[in-house]
Every structure is written in structure tokens, then in C-alpha cells.
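Reader: I would like to learn how helix packing and pockets are read from a model.

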Amino acid sequence: MGKLKRENLFKTAWFHPSFRIGFLGSFFFIILAIISIFWTPYNIEELNIANRFAPASFNHLLGTDFFGRDMVSMLMKGALTSFIVAVLAVVIGMIIGVPFGLIAASYGGIIDNILSKTNDFLFAFPAIISAIIITAIFGPGAINAMIAIGIFNIAVFARVARGGALSIKMLQFIDAAKLSGMGELKIAFKHILPNIFSLLIVQASVQLSLGILAEAGLSYIGFGTQPPQTSLGLMLKEAQSFFLIHPTLAILPGLTIVLIVIFINIAGDGLRDVLDPRLAKEETLDAAG
């Protein structure tokens with residue numbers, strides 16, 4: 001992907017309907033999460049038992065929970081935790097996994113074998129298994145959930161980077177760079193990495209949505225976020241005992257998770273089509289056939 005195309009990426013993607021819908025939907029939840037850093041309608045650490053299970057009203061737009069906490073405030077703070085864990089887990093995966101994949105593809109041989117076997121080993125431990133191991137050693141918490149998800153993401157990004165790099169290595173401009181005396185590592189980061197940028201960005205959007213789900217699942221089973229902090233998964237866990245009498249306490253965080261994941265996936269699909277129009281054309285032909 002050339003420099004000009006990267007600079008105009010957002011501008012070009014904005015005209016794709018899927019990306020625009022997904023971006024606006026995701027942006028709405030991201031803004032609410034960011035706002036919660038500085039302000040929420042009510043302090044979620046202050047309990048008001050006398051006002052528990054209050055219905056939706058002007059004072060509490062979505063009502064209150066079993067501790068009398070405002071649900072809008074809880075959802076804002078919960079989304080913040082979920083986004084932070086998912087985003088940092090993606091960053092961990094990219095920072096460590098992409099160099100692994102590039103080095104494996106560039107040098108091949110025993111280095112490729114060692115890194116590929118390490119990658120396979122990491123794939124054998126999905127986020128839930130990693131979380132159980134980390135929790136057994138260090139205890140449950142949002143940070144440990146982030147590390148567990150990030151470890152799994154390392155394997156994902158390493159495999160994507162390696163596959164993309166192997167296809168780019170066959171092109172003539174890589175041979176020209178080698179003839180000029182440029183080393184394998186420099187070629188990998190100067191020439192190959194920019195050309196697999198689209199693959200990594202699309203994969204990052206996929207892993208971000210999966211990270212939201214993973215954090216929710218880990219918190220739900222007790223390995224993720226712990227009180228007094230909150231997350232969307234922890235809200236689901238705490239609401240399960242009251243589902244039959246106050247189902248909205250579970251429906252609201254569950255629906256929020258679903259919407260966030262849907263919007264991120266829609267944006268990712270649109271971005272994928274913009275970065276690689278051939279995929280969109282192939283899907284259209286398949287549907288027509």
C-alpha cells in the first residue's frame with residue numbers, strides 16, 4: 001500500500017456505506033466510554049440501596065441496578081473497561097506478533113521453524129486457558145484478562161504477518177532491494193510491512209471485536225474485571241441472579257456488547273473492501289452465482 005493511499009485511507013473509506021455505518025456506531029460507544037473518564041451522570045461507587053431497581057425516569061434514563069447505581073453511568077464505565085482491555089490486547093498482539101511474523105518470513109529455515117512452532121504453541125492456549133493460568137498465578141483482574149487476550153493475539157498477528165510477508169517476498173521489487181545490498185530485516189520493515197498494512201488493519205478490527213467478547217466472557221466467569229471496577233461482562237454476571245424479576249439489568253449490557261461488536265465488524269468489513277476491492281468483487285460474484 002502506497003503512502004498516498006494510506007494518507008487518504010479514512011477519506012476513501014468514509015464513502016463506503018458499511019464503513020460509515022460501522023464507524024459512526026462504534027464512535028458513539030467510544031465517545032461515551034471516553035466521556036466516562038471525566039464525567040458520568042452519577043458516581044457508580046456510591047450505593048443507594050433505597051433507590052434500587054428504580055424504573056427508567058428523567059433522573060435515571062435506564063433505571064438503576066440492585067445497588068441503586070445509575071445504569072447509564074454503569075454502561076459508560078463498563079464500556080470503557082471493555083474497550084481498554086480489548087484495545088491494549090490488540091496492541092500487545094501487534095507489537096510482538098507482527099515482528100515475529102516478519103522475521104520468520106524473511107529469514108526462513110530454522111528461524112522460521114522455531115517461530116512457527118512458538119506460534120503454534122500460543123495458539124494451543126486460547127484466551128480462556130491463558131486467563132485461567134494467569135489467574136491461578138497472579139489472581140483475577142482486568143490487567144490479567146488483557147494479558148491473556150494479548151497472548152492469543154500475538155499468535156494471530158504473527159500468522160497474518162508471516163503469510164502476508166511470504167506473498168510479498170515473491171515480488172520483483174523485493175529482489176531489487178536485495179540486489180541493492182539491503183539486509184533482510186531492513187527489507188521486512190521498510191518494504192514488506194507497509195505492503196501488508198491493509199491485512200493488519202483489518203485483522204486488528206476483527207481482534208478488537210473478539211477482544212470485547214473475550215473480556216466479557218472472562219469477566220462473566222470471574223477471571224476478568226473485579227469489583228469495585230465494572231465492565232460489560234461483569235454487569236452481566238452480577239445481573240444473572242435478578243434476570244427473572246429485572247431482566248433489563250442483563251439485557252442492557254448484553255445488548256451493548258452485541259451492538260459494539262456488530263458495529264466494529266461492519267466497519268472492518270467496509271475497511272476490508274476499501275483496502276482490497278477484489279474481495280468485495282468476488283463476494284458479489286459468488287452471491288450472484
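Author: What follows takes one helix pair and then one pocket. This is a predicted model, in which local features need pLDDT of at least 70 and side-chain atom pairs count only at pLDDT 80 or more, while totals for chains, interfaces and linings use all residues. Residues are numbered from 1 along each chain as its sequence is written, and side-chain values use heavy atoms, with hydrogens and water left out.

Reader: At what angle do H7 and H10 pack?

Author: Two packed helices are described by the angle between their axes and the distance between the axes. Here helix H7 (residues 142-168) and helix H10 (residues 197-220), both DSSP runs of H or I with at least four residues, numbered from the N terminus, pack at about 155 degrees with their axes 10 Å apart; axes are lines fitted to C-alpha atoms over the stretch in contact, and angles run from 0 to 180 degrees between N-to-C directions. That makes H7 roughly antiparallel to H10, a term for angles over 145 degrees.

Reader: Which residues of H7 meet H10?

Author: Contact means heavy atoms within 4.5 Å, and the residues of H7 that meet H10 include Ile149, Asn153 and Phe157. On the H10 side, Leu200, Gln203 and Glu215 are among them.

Reader: What volume does the largest pocket have?

Author: Rolling a probe the size of a water molecule over the atoms shows where empty space is left. The volume of the largest pocket is about 480 Å³. Of its 21 lining residues, Phe19, Ile201, Ser205, Leu208 and Leu271 are the closest to its centre. H10 is one of the helices that each supply at least two residues of this lining. A pocket is an open set of 1 Å grid points over the protein atoms alone where a 1.4 Å probe fits, with protein on both sides within 12 Å along at least five of seven lines, and lining residues have an atom within 4 Å of a point.

How values were computed
Parallel < 35°, antiparallel > 145°, perpendicular 65-115°, else oblique. Points joined across faces, edges and corners; volume = space filled by probe spheres on them.
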